[in-house]
2 protein chains.
Amino acid sequence: MYNIKYYLDKVSQIFAEEKFCAEPAELYDPIDYTLRLGGKRIRPTLLLAANGMFGGDESLVRDAALGIETFHNFTLLHDDLMDRSPLRRGQPTVYAKWDENTAILSGDTMFALAWRYFLRQPTPRLRDILNCFNETAIEVCEGQQYDMNFERRSDVTIDEYMMMIRKKTAVLLAGALKIGALYAGAPDGETEKLYRFGIHMGLAFQLQDDLLDGYGDTAVFGKKTGQDIRDNKKTYLPLRAMQLCNASQRQRLADFFGGKVDDEEEKVRQVLALYEEIHLKPEIEKAIAEEFAKSIRTLDEIKVDEEKKTPLREMLETLNGRKK
Amino acid sequence: MYNIKYYLDKVSQIFAEEKFCAEPAELYDPIDYTLRLGGKRIRPTLLLAANGMFGGDESLVRDAALGIETFHNFTLLHDDLMDRSPLRRGQPTVYAKWDENTAILSGDTMFALAWRYFLRQPTPRLRDILNCFNETAIEVCEGQQYDMNFERRSDVTIDEYMMMIRKKTAVLLAGALKIGALYAGAPDGETEKLYRFGIHMGLAFQLQDDLLDGYGDTAVFGKKTGQDIRDNKKTYLPLRAMQLCNASQRQRLADFFGGKVDDEEEKVRQVLALYEEIHLKPEIEKAIAEEFAKSIRTLDEIKVDEEKKTPLREMLETLNGRKK
């Protein structure tokens, strides 16, 4: 039976074969650049794997795989512009390499190109598929807005944070899975389970990102430790820390995240030392493990042969393994 | 039989009844603001009128009318940001009233909301309709890119300019008409004629905008005369002027549009005086009349009862009447 590597390779092949260049070059060159930057291609891989799990015809989801990744890269392109981020995957962002207007308009066009991919393949459940894609897109926008709102607030709760990362990150993984299953003609109850599987996987995935920012090995993780701390980002780590702190610790943490410390590297060291004091790491590890467990339980409930679940189990293990 | 006022009123009613507010307010308030700013609502009116011409059920195109106008307003929102325009319809633009990031993300969300409207109503020709909408959207993005490219070039031809305004302006009018007809189940040949009718109408409409910038009555037109000249915009007027000028006039015009004149009001006066010298006004009036004539001829060819064409004839006359 298939394994996750089969689908990852398939996605690489699909992207290698696809042409993204067109006229005018000023519009499409940044799109081609963005879609060739790579990345893990998790969403199209999940879409293909979910389709395969329900015995779908692989040739019918090729375009949907391109569509979901094109949409994802559109959101990254506009997010990088809104965050004024100079780098993505070690390369200059479109905003930095070209300019703001290029990032706006090439991004808009990528959103429309994603739709072109989704519309290319006729399928009996087209309206369900497009509705799933579009409602996901709207939630991703809402998630990004909540993320920006939370930067300006000092009273964000963990529940609010989980709602935000569900919209910003988890729904697109869940949507990719559901869309793959819809193409395969899976029953509604099963597509919903797959969606919930994706939500918990997505939450675990994002919480792990939060964990790795504080505790990751730069060499393995590929990102510099403590960037969220430098950016005063209110991820799960500081939000949970606020609950565990005593009054004086809470004041120190609030000062750090209130931008009152000039030496950034010293700030990272001190915040991480405070996290040690309050034993924060096991707390977030527990939260991650809980989401992974929920994800596995939901996958267990799906009514298909056990062996057909192998690729998604492997994907979950791969994501879970990031922390090691 | 229906007249165009019937459809204009219908569109006003649809927008008055629709709710655009949702959570988070930071995302949806600018969307509600944009969609309530008004405007002429030409595109949804065309969509309804085309649907009515082919005997379509009006209740089935209500959402499509909302969708096409939401998309149009999304493009205006992002265009205003890219142009850094402070005002639209006499009111602050989203970019000016809120900020750049709000304009980016609320715009993205409006594009997705347009899709939500188009997906809301089941219809047998959904895929054709969505393809028409999406290919139109892609062309509008390409048109905006060409428009920005042309600002940096001094050798734009009239053919290139016509291609640009076809994409940036005409295809959305044409697409609105075609979509309305598709909902009514019109035959392919007729929807294509209607599309061509819309293209010529759109070109005439944009050329008239160019004319009015140079020769319009501010009190009637609602815009300040000569803004394109102040902005060095290479519209039909300067492009045609370049062809009519002698060598010394051409040099003067190139200097004006090369940003070499400091006193803006003096520049507007001198450019308009030069246009008088070379008898430019009848030239653009001829080009507009030709596009209107092509538009009328295409409408004549459409195989429906003459009286059913009344609303679209009235719309054409209204647009044509702008210059008087």
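**Exercise 1.** Decide whether B:Arg41 is buried or exposed in this predicted model, and then find which residue B:Arg41 meets in a salt bridge.

*Solution.* Begin with the relative accessibility of B:Arg41, which is 12%. Since buried means under 20% relative accessible area, B:Arg41 counts as buried. Next, look for a partner of opposite charge: the side chain of B:Arg41 meets that of B:Glu69 in a salt bridge, at 3.3 Å from N to O. This pair links distant parts of the chain, with B:Glu69 in helix 4 (residues 62-83) of chain B and B:Arg41 in the loop between helix 2 (25-36) and helix 3 (42-53), 28 residues apart. Finally, check the partner, where a relative accessibility of 1% shows that B:Glu69 also counts as buried.

**Exercise 2.** Work out where A:Leu60 lies in chain A and which residues A:Leu60 is in contact with, leaving aside its neighbours within four places in sequence.

*Solution.* First, place A:Leu60 in the loop between helix 3 (42-53) and helix 4 (62-83) of chain A. Second, note its relative accessibility of 32%, by which A:Leu60 counts as partly exposed. Third, with those sequence neighbours set aside, the contacts of A:Leu60 are A:Gln121 and A:Tyr183.

**Exercise 3.** Explain how chain B is superposed on chain A and why the copies meet through the same surface.

*Solution.* Start with the superposition, in which a rotation of 180° with 0.0 Å of shift along its axis brings chain B onto chain A with an RMSD of 0.0 Å. The two copies are therefore related as by a two-fold rotation axis. Then compare the interfaces: because 100% of the interface residues of chain B are also interface residues in chain A, the copies meet through the same surface.

Conventions
Residues are numbered from 1 along each chain as its sequence is written. Chains are lettered from A and ligands numbered from 1 in the order in which they are written. This is a predicted model: local features need pLDDT of at least 70, side-chain atom pairs count only at pLDDT 80 or more; totals for chains, interfaces and linings use all residues. Side-chain values use heavy atoms; hydrogens and water are left out. Helices (H or I, at least four residues) and strands (E, at least two) are DSSP runs, numbered from the N terminus. Buried means under 20% relative accessible area, exposed over 50%, partly exposed in between (1.4 Å probe, protein chains only). Contact means heavy atoms within 4.5 Å. Copies are superposed by least squares on the C-alpha atoms of residues with pLDDT of at least 70 in both. A salt bridge is a side-chain nitrogen of Lys or Arg within 4 Å of a carboxyl oxygen of Asp or Glu.
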